[in-house]
Amino acid sequence: MTRDFSASFDSPADRLEWSATKWEKYRGRDVIPLWIADMDYPVAPAIQRAVAAHVRHGNYGYMSAPRELAGDLVAYHAEHYGWQIEPGWIVWLSGLVLGINLAVKACCGDGESALTFSPVYPPFLSAAPTQGRRTLEVPLALDEAAWRAGDLRYHIDFARLDAALLPDTRLLLLCHPHNPVGSLFSRDELDALADFCVCHDLYVCSDEVHCDLILDGTTPHVPFARVLAARSSTHLARSITLHGPGKVFNLAGLGIAWAIIPDAGLRKRFRAAKQRLVPEACCFGYTALQAALRAGEPWRQALLARLRRNRDQVSAALDAMHLPHSHPAATYLTWIDTRRLVGKVGNAAQWFEQQGVGLSDGADFGAPGFVRLNFAAGSAVLDEALRRMQEAVYRLDAGG
Ligand SMILES: Cc1ncc(COP(=O)(O)O)c(C=O)c1O
């Protein structure tokens, strides 16, 4: 079934009315916000209907996950990722970032270290220090030939990974697909990474929240735990997979996510770390998730088509600005190399903000000189943001 959702993608409602974080940052200023990773689009009608029915019921007390939700999630994993999980492996969470922090606590002792690839979504860098552990940052390798052609592509540098490993390293924090660079790791990379983890007896926490945003709509997502499981059940037992509907179904404000932890001992440690510190998922989050799993697919396919269009529009504009950038295979985030502007403007994120476009500063991801642009915006908003950026860069390049 193909449905047309284009009107809501073209002209989403004003989000300032409900204090959207993305828009609040620039309230009262003429700056178009293309920074934090949520979408300006309203959620799928099936989700709106389910949440509205729950709201009408009028009781918002403590709520357990609906009885059939774990079964729905198991079926979704089998259908979408070819991975047979068990209901008992699921730990419900009220967010992903807290899951990254809990994984660090469950897998690393005090002072021990966790590896992660950079540039990366900032909590991957901060989780270990926040929990009294250490981060070992392993830069992804930039493909120089592609970069010269204006294309930002990254891959895992296994020599760097080997060199970074310490005797006290217990955990790899993996962002898969990778935010901010928007790439999918190749099957060869995933296999080699699994071998590395097996060889060094590492736990892996794989955050797969962007996996339903593989933009071509056909390339299957391969959960990292499935790659480990192909080696042995002992290796599967060292995995924590984090996921949730926050990105793909735009439910970040409803606080609903989960961890999949096949090993009972690790699950117990993860749950113990959560105890009395972490709130349960929001009641509307469970309701929205169930609707998304059962009836969200036509909307998701329409979304992917819109995001592909936006990605290509952004890419054409950045080509015209001579700014190397990613052509993301997944996510609605374009990663842009602004280093050629830095000599003239200083901090590029701040400069673009002065030109009327709010982007994320690459420095927060471990890559000063880069910026990240969120293209999940209404058509007129995106057109105007790109027009402002282009005009400003042309003026700068012309010496104005
Ligand atoms: C890889 C990744 N993990 C987690 C999050 C945030 O998840 P949550 O809001 O559920 O903590 C984001 C948000 O951008 C993300 O990109």
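Rings of Phe, Tyr and Trp, the last through its six-membered ring, are taken to pair if their centres lie within 6.5 Å. In this predicted model, the structure holds 12 such aromatic pairs. Ring pairs join Phe9, Tyr41, Phe249 and Trp299 into a cluster. Two rings also carry a charged side chain over the face. Lysine 25 lies over tryptophan 35, at 4.5 Å from the ring centre, and arginine 238 lies over tyrosine 203, at 3.9 Å from the ring centre.

Two members of the aromatic cluster, Phe9 and Tyr41, are also among the contacts of arginine 306. This arginine is placed in helix α14, which spans residues 297–320. Arginine 306 counts as buried because its relative accessibility is 6%, and the cut-off for buried residues is under 20%. Its further contacts are Ser6, Asp10 and Ser379, when residues up to four places away in sequence are not counted.

The largest nonpolar core contains 75 residues. Within this core, Leu34, Ile47, Trp92, Leu307, Tyr332, Leu373 and Met389 touch the most other members. At least three residues of the core come from each of domain 1 (6–43 + 297–397) and domain 2 (69–295). A second, separate core has 31 residues, including Leu96, Ala114, Leu171 and Ile240. For isoleucine 47, the contacts beyond four places in sequence are Phe249, Leu251, Ala288, Ala291 and Ala292; of these, Phe249 also belongs to the aromatic cluster.

Trp92, named above for its contacts in the largest core, lies on strand β2 (residues 90–93), which is covered on both faces. Ile90 and Trp92 are buried on one side of β2, and Val91 and Leu93 are buried on the other. Strand β2 runs antiparallel to strand β10 (residues 257–260), and 4 bridges join the two. Across this pairing, leucine 93 stands opposite alanine 257.

Strand β7 (residues 169–175) is mostly covered, with 6 of its 7 residues buried. Strand β3 (residues 113–118) runs parallel to β7 and is joined to it by 4 bridges. In that pairing, alanine 114 has leucine 171 as its bridge partner, and both residues are included in the second core. β7 also pairs in the parallel sense with strand β8 (residues 203–207), over 5 bridges. Here leucine 173 stands opposite cysteine 205. Tyrosine 203, the residue whose ring lies under arginine 238, falls within the bounds of β8.

An open sheet of 3 strands has the order β11-β14-β13 and antiparallel pairing. Its edge strands are β11 (333–337) and β13 (360–361), each of which pairs on one side only. β13 is joined to β14 (residues 370–374) by 2 bridges, and the two run antiparallel. Aspartate 361 stands opposite valine 371 in β14. Leu373, one of the residues with the most contacts in the largest core, falls within the bounds of β14.

Helix α17 (residues 379–397) contains alanine 385. Alanine 385 is buried because its relative accessible area is 0%, and residues under 20% count as buried. Not counting residues up to four places away in sequence, alanine 385 touches Ile32, Leu34 and Val357. Alanine 385 and serine 315 are 70 residues apart in sequence, and their C-alpha atoms are 13 Å apart in space.

Methods:
Residues are numbered from 1 along each chain as its sequence is written. This is a predicted model: local features need pLDDT of at least 70, side-chain atom pairs count only at pLDDT 80 or more; totals for chains, interfaces and linings use all residues. Side-chain values use heavy atoms; hydrogens and water are left out. Two strands pair if DSSP finds at least two bridges between them. Rings of Phe, Tyr and Trp (its six-membered ring) pair if their centres lie within 6.5 Å; planes under 30 degrees apart count as stacked, over 60 as edge-to-face and the rest as tilted. A charge sits over a ring if NZ of Lys or CZ of Arg is within 6 Å of the ring centre and within 35 degrees of the ring normal. A nonpolar core is a set of buried Ala, Val, Leu, Ile, Met, Phe, Trp, Tyr and Cys residues joined through side-chain atoms within 4.5 Å. Buried means under 20% relative accessible area, exposed over 50%, partly exposed in between (1.4 Å probe, protein chains only). Domain bounds come from an automatic or database domain assignment. Contact means heavy atoms within 4.5 Å.
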